[in-house]
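Here is a short tour for a first look at this structure. Keep the sequence and the 3D view side by side as you read.

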Amino acid sequence: MSVTDDRFMEEAIQEAIKALGRTSPNPPVGAVVVKNGNIVGRGFHPGAGRPHAEVFALEQAGAQTRGANIYVTLEPCNHHGRTPPCSQAIHEAGISKTIVGMKDPNPAAAGGLEYLASVGISSESGILEQRITRILEPFLMRIHEGRPLIALKMAQTLNGIAASKPGSPRMMITSEQANLAVHHLRDIHDAIMIGGRTARLDDPLLTCRMTGGRNPIRVVVDPHLASVHPDLRMLKQPGRTIILHYPDADKDKVRQLEHAGAEQLLLDPNQPLAQSIIKSISYIENISSVLLEGGPTLASFFLNSGLVDHAYFFVAPKISPSGISVLKPDRQVILEDISWMQMGPDLLLTGRLHDRDVRKEPFQGIILTEDIRNILVKPESHTVSKPHTSGN
Ligand SMILES: NC(=O)c1ccc[n+]([C@@H]2O[C@H](COP(=O)([O-])OP(=O)(O)OC[C@H]3O[C@@H](n4cnc5c(N)ncnc54)[C@H](OP(=O)(O)O)[C@@H]3O)[C@@H](O)[C@H]2O)c1
């Protein structure tokens with residue numbers, strides 16, 4: 001490993017970051033082709049079914065691939081999936097050395113480096129691996145634990161209030177700057193999830209309204225279908241909305257929601273709610289990460305089940321006389337790998353939950369912090385486009 005390798009792998013990581021939230025169930029991967037110390041091709045995987053990062057980087061490099069090195073954040077695939085093997089493309093392009101960040105843990109796609117060795121192309125792996133693991137965490141969670149990564153996002157006042165009391169006007173907790181950060185978070189997660197009461201009381205749009213952003217899948221958990229209704233504004237927005245409920249929910253409501261375009265998945269009433277939600281959404285192929293946006297009741301179910309992996313707490317410099325508390329934990333939960341960022345007048349605390357069973361933890365103390373910092377604290381060029389009506 002050399003400083004030069006680190007520098008070019010960092011460039012490949014910057015490409016991979018462009019793919020965050022767009023590739024599930026595939027991993028977000030980036031690549032650069034380097035000839036005589038200069039980057040001559042760049043690429044990232046734009047989405048499942050589309051060519052992989054290496055293909056774009058090789059294409060851009062053209063004839064300069066002969067004798068060049070390629071840096072890829074994840075081992076080139078060695079299988080015929082929806083696209084031909086990248087290992088073969090690298091060979092055919094005349095690359096002389098392949099440098100990868102991490103070996104592919106997916107047995108179906110692994111073996112690229114072995115193939116390259118068999119045709120005489122040298123390789124090296126493990127360059128900036130820990131940083132790359134952060135970017136790949138949702139993908140790794142899917143592979144190792146068979147479930148999506150859950151990231152909790154909560155906004156609160158200094159005295160821990162998350163919402164006004166039922167019947168009172170809605171409380172706006174955080175600033176425009178913090179709200180923009182939430183749109184960045186939506187952009188890099190595959191799905192947004194909220195509870196039924198939040199859907200009814202706030203009637204949010206749940207879209208990603210930042211420049212260049214894309215809408216995640218919307219998931220609403222309303223076990224008894226007591227709160228959601230076919231006139232919810234999110235059902236008129238582009239993208240999918242999936243409502244989770246128990247099998248015995250009101251059949252008329254089920255039909256009305258279906259008619260309004262909502263997809264529906266059943267929850268298992270014999271399982272704890274959070275586990276049952278995870279089981280249902282694990283069937284949806286392209287959800288590897290979920291941004292859990294509340295409310296406090298749903299968030300508490302997840303927290304108390306030990307199923308929250310990352311947390312984003314937006315703390316506003318306000319003290320509210322009354323309202324609903326943020327979370328109701330049944331034990332102490334400690335955040336680690338923490339980072340604080342200022343967002344206008346608010347603070348964003350990001351962290352990783354210590355509550356998970358660390359013995360089963362296949363990762364190395366990772367949180368997207370660094371990359372989130374890159375993404376969240378972007379130049380002014382990113383603005384939230386205002387909808388005609390207000391809404392989160
Ligand atoms: N500060 C923030 O970051 C933030 C974020 C989102 C929302 N909010 C605020 O939070 C408030 C709503 O939050 P909330 O905590 O009241 O509700 P919620 O978390 O949005 O929804 C809870 C859902 O869980 C269901 N549920 C509750 N207990 C259950 C049980 N034992 N078994 C099965 N299902 C159960 C509820 O159904 P039933 O109604 O049928 O019980 C409801 O569908 C709103 O005012 C919203 O503005 C704040």
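What percentage of the 392 residues of the protein count as buried? The figure is 45%. This is a predicted model, and every value below is computed from it.

**Overall build**

The protein has twelve helices and 16 strands. Its radius of gyration is 22 Å, close to the 21 Å that the globule rule gives for 392 residues, so the protein is as compact as a globular protein of that length. The C-alpha trace spans about 70 × 45 × 45 Å along the principal axes. Many contacts reach far along the chain: among those between residues at least 6 apart in sequence, 70% join residues at least 24 apart.

**Two open sheets**

The table sets out the two sheets.

| Strand order | Edge strands | Average turn between neighbouring strands |
|---|---|---|
| 11-10-9-8-12-6-13-16-15 | strand 11 (263–266) and strand 15 (335–343) | 20° |
| 2-1-3-4-5 | strand 2 (38–44) and strand 5 (122–125) | 15° |

The nine-strand sheet is open, and its pairing is mixed. Its edge strands, strand 11 and strand 15, each pair on one side only. Within this sheet, strand 6 (residues 149–156) runs parallel to its partner, strand 12 (residues 289–292), and four bridges link the pair. One bridge joins A151 to L291 in strand 12.

The five-strand sheet is also open, again with mixed pairing. Here strand 2 and strand 5 are the edges, and each pairs on one side only. Strand 1 (residues 30–35) is antiparallel to strand 2, with six bridges between them. K35 stands opposite N38 in strand 2. Helix 1 (residues 3–18) packs on this sheet. Helix 1 touches strand 1, strand 2, strand 3 (69–74) and strand 4 (97–102), and its direction makes about 140° with that of strand 1. Helix 2 (residues 53–61) lies across strand 1, strand 2 and strand 3. Its angle to strand 2 is about 140°.

**Around the ligand**

Which residues come nearest to the ligand? Of the 28 residues around it, they are G195, G196, G294, G295 and T297. Several elements each supply at least two residues of the shell: strand 6, strand 7 (161–163), strand 8 (191–195), helix 8 (196–202) and helix 11 (296–304). Helix 8 gives the most, with five residues. By type, the shell holds 14 nonpolar, nine polar and five charged residues.

**A closer look at V221**

V221 sits in strand 9 (residues 217–221). Is V221 buried or exposed? V221 has 30 other C-beta atoms within 10 Å, so V221 is buried; the cut-off for a buried residue is 20 or more. Leaving aside neighbours within four places in sequence, V221 is in contact with M193, G195, G196, L244, I277 and L298. Two of these contacts, G195 and G196, are also among the residues that come nearest to the ligand. L265 is 44 residues from V221 along the chain, and the C-alpha atoms of the two are separated by 9.7 Å.

Note on methods. Residues numbered from 1 in each chain as written. Predicted model: local features only at pLDDT ≥ 70, side-chain atom pairs only at ≥ 80, totals over all residues. Pairing = 2+ DSSP bridges. Axes fitted to C-alpha atoms, helices over the stretch in contact; angles between N-to-C directions. Near = placed C-beta within 6 Å. Nonpolar A, V, L, I, M, F, W, Y, C, P; charged D, E, K, R; others polar. Contact = placed C-beta atoms within 7 Å. Rg over C-alpha atoms; globule rule 2.2 N^0.38 Å. Buried ≥ 20, exposed ≤ 12 C-beta atoms within 10 Å, placed from the backbone.
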